[in-house]
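Work through the exercises below with the sequence and the model open. Each one gives a task and then a solution in steps.

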Amino acid sequence: MLMPKGFLTPFISKIAVGRVKSHGLGRVLQFPNTNMFPRPEMSKCLTVIGSQDLHAWQKSTGIRRTNLRANFQVINSSSCPSPILEDQSSTNLPLIDLKFQQHQTPDAGKLNEVLCELFQDPEKEAMGYEQYEKAKKVAEFRPNKSTLEHVTSCIRARKFKVVRTLLQVFKSDGDVSLPALDSAMRGYNELHMYRSTMSVFEEMISAGIGPDSGCYCRIMEAYFRKGDHKKVVELFQELKSRQLDLTPLSIQILCQSLAKLGKPLEALEIFRSVTKEGVSLDSSKIYSVLISSFASIRDVKVAEELFKEAETKKILRDPTVFLRLITMYVEEGLLDMTLEVVKAMKGANIRVSDNICCAVVSGFSRKSTLLNAVKVFEDLILMGCEPGQVTYASVLNVYCRLGLYAKAEMVFREMEEKGFDKCVVAYSSMVVMYGKTGRPREAMRLVAKMKERGCKPNVWIYNSLMDMHGRDNNTRQVAKLWSEMKRRKVAPDKVSYTTVIGAYNKAGDFEMCLRFYNEYRIHGGVLDKAMAAMMVGVFSKSGRVDELVKLLRDMKAEGTGLDVRLYRSALNALADSGLEMQVKWLQSSFEVT
């Protein structure tokens, strides 16, 4: 690229003289004489330039169009093909090495623009590093914000090798090392690469570069995001000890970390003091963290006070805060306040999520009556809340426990219509309901439909099915279900073994009862009252006195007590067998509960 007299482009290290080609762009710039060149041999230079290139060149050099016409002949060749102006004899002319000289140095702004352009071009990055080293020798040159921001741009573009090279270049320059490293830390935080931010900070400390307030904000944010809140507090104390300016962001991160560490009172005190001083903070985040913290420690008074303040300022938008408040009110037994929280959400145009609706309904079902849980569900519907799969499953379970089976079936059909047809909890409740109402066929059809929809039955469903078939003395179906459960790799639990042993006990198949009991004990099953009662009956009925005595000794060792019915059954079985010593041992070893 050619320049008018008195201007060189130091960002281009070498330029060929005498070799010119036509690019067919329609315009040719030709220098009319040699007086305008710093060196005579450059008078042979011609550059073919298009209109877009001409505009870019004017912008980069600062030459106005009027000055351009005074210094150049503009030959319009759009009416005929541009000739190839190349002299074969001059193709090997020497290269001119452009050096920085005092009278030729452009202003610092132009140098920064040029460096940014070179850094952005992958093919010219190496040239950019070389020219930056040359530019540092110029007294007036200082990298501006745009040049240093290129570090952040490279991080956003995932050019991490380029970032490392740039940091090595900038780190050796004391005047720009700090802002360059700060730009790198900010870029890594934007990409959630917090470990890289920590690495840059450690590199800064090891190089003896003192971090400023901005750098402390970046590193505090990185440790906060990684959940190391103690380190955040340590860094803030270090920031204060160095008597650097406390930025709003650093105070905000400190308050949030203190709240996460279970010190909400200390965080609240700092928040109150800085707001009185007029420091502008992101109050929405701090209020959210403080309210959640006080709600988690069940400090209802402070949590309500902060909630009212935030509600007045209309700054709460995080649904998690409302969920924490509802959980607090449920645990404290203030169930009516849960509906007030929901009303506040509706008033602020915040969507009441499925989790929040479920928390309210479940809270009433646990802390109040099941009928109140049904009523609050209906109130939520009237308020315009849209229950999701979790809420539907919860209220379906409530209807089943209340024996309102018609309501339960209606809710289940509504779930299917809305696409919630893969909820295992809902299927479990319906299967249990069919078992209680003696409808095993409907239960089996529902499980078949469940499998068709790609939903796998869990152990609760298998337990319910085996229980209803066991009560009908259908041990064949029980065995079939047990085999299917094992084939599907659904691990049986204590209820599974109790159910299947009970089914065979009712059918009088004591050998199968003993087989499943031994399997249960081999797999580490613990003796509880339900299993003990089942096996005392089995051993008593089948006359297995030795197994009965062993069972009683195992119960004694594991601390399992005997109720009146079990005690009498075992005592009668031992007495009928004439085992007087075992009878006395039983009477002295167990306290009837």
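**Exercise 1.** Decide whether glutamine 243 is buried or exposed, and describe its backbone.

Step 1. Glutamine 243 has a relative accessible area of 71% and is therefore exposed; the class needs over 50%, while buried means under 20% and partly exposed lies in between (1.4 Å probe, protein chains only). The model is predicted: local features need pLDDT of at least 70, side-chain atom pairs count only at pLDDT 80 or more, and totals for chains, interfaces and linings use all residues. Residues are numbered from 1 along each chain as its sequence is written, and side-chain values use heavy atoms, with hydrogens and water left out.

Step 2. Glutamine 243 belongs to the loop between α10 (229–241) and α11 (248–260). Helices here are DSSP runs (H or I, at least four residues), numbered from the N terminus along with strands (E, at least two).

Step 3. Its phi is positive, about 55 degrees, although glutamine 243 is not a glycine. Most residues other than glycine have a negative phi.

**Exercise 2.** Find the loop that holds lysine 314 and state its phi.

Step 1. The loop is the one between α14 (300–313) and α15 (319–331).

Step 2. Phi of lysine 314 is near 55 degrees, a positive value. Lysine 314 is exposed, at a relative accessible area of 71%.

**Exercise 3.** Check the length of helix α24 and sort its residues by side.

Step 1. Helix α24 covers residues 475–487, and at 1.5 Å a residue its 13 residues should span 18 Å; the expected span is 1.5 Å times one less than the number of residues. The end C-alpha atoms are 18 Å apart, which agrees.

Step 2. Gln477, Val478, Leu481, Trp482, Glu484 and Met485 are the buried residues of α24. They lie on the same side of α24 because they cover an arc of only 165 degrees around the axis, taken from the directions from the helix axis to the C-beta atoms.

Step 3. Arg476, Lys480 and Arg487 are exposed on the other side of α24.

Step 4. The cover over the buried residues of α24 includes α22 (440–452), α23 (459–471), α25 (494–506) and α26 (510–522). Just after α24, lysine 489 has a positive phi of about 60 degrees.

**Exercise 4.** Describe the aromatic pair of phenylalanine 307 and phenylalanine 322, then that of tryptophan 482 and phenylalanine 516.

Step 1. The structure holds eleven aromatic pairs. Rings of Phe, Tyr and Trp (its six-membered ring) pair if their centres lie within 6.5 Å; planes under 30 degrees apart count as stacked, over 60 as edge-to-face and the rest as tilted.

Step 2. Phenylalanine 307 and phenylalanine 322 are edge-to-face, 5.8 Å centre to centre with 90 degrees between the planes. Phenylalanine 307 lies in helix α14 and phenylalanine 322 in helix α15, so the pair ties together parts 15 residues apart in sequence.

Step 3. Tryptophan 482 and phenylalanine 516 are also edge-to-face, 5.0 Å centre to centre with 80 degrees between the planes. The pair links tryptophan 482 in helix α24 with phenylalanine 516 in helix α26, 34 residues apart. Tryptophan 482 and phenylalanine 516 are both buried.

Step 4. Ring pairs join Trp482, Tyr497, Tyr504, Phe516 and Tyr520 into a cluster.

Definitions and conventions. Contact = heavy atoms within 4.5 Å.
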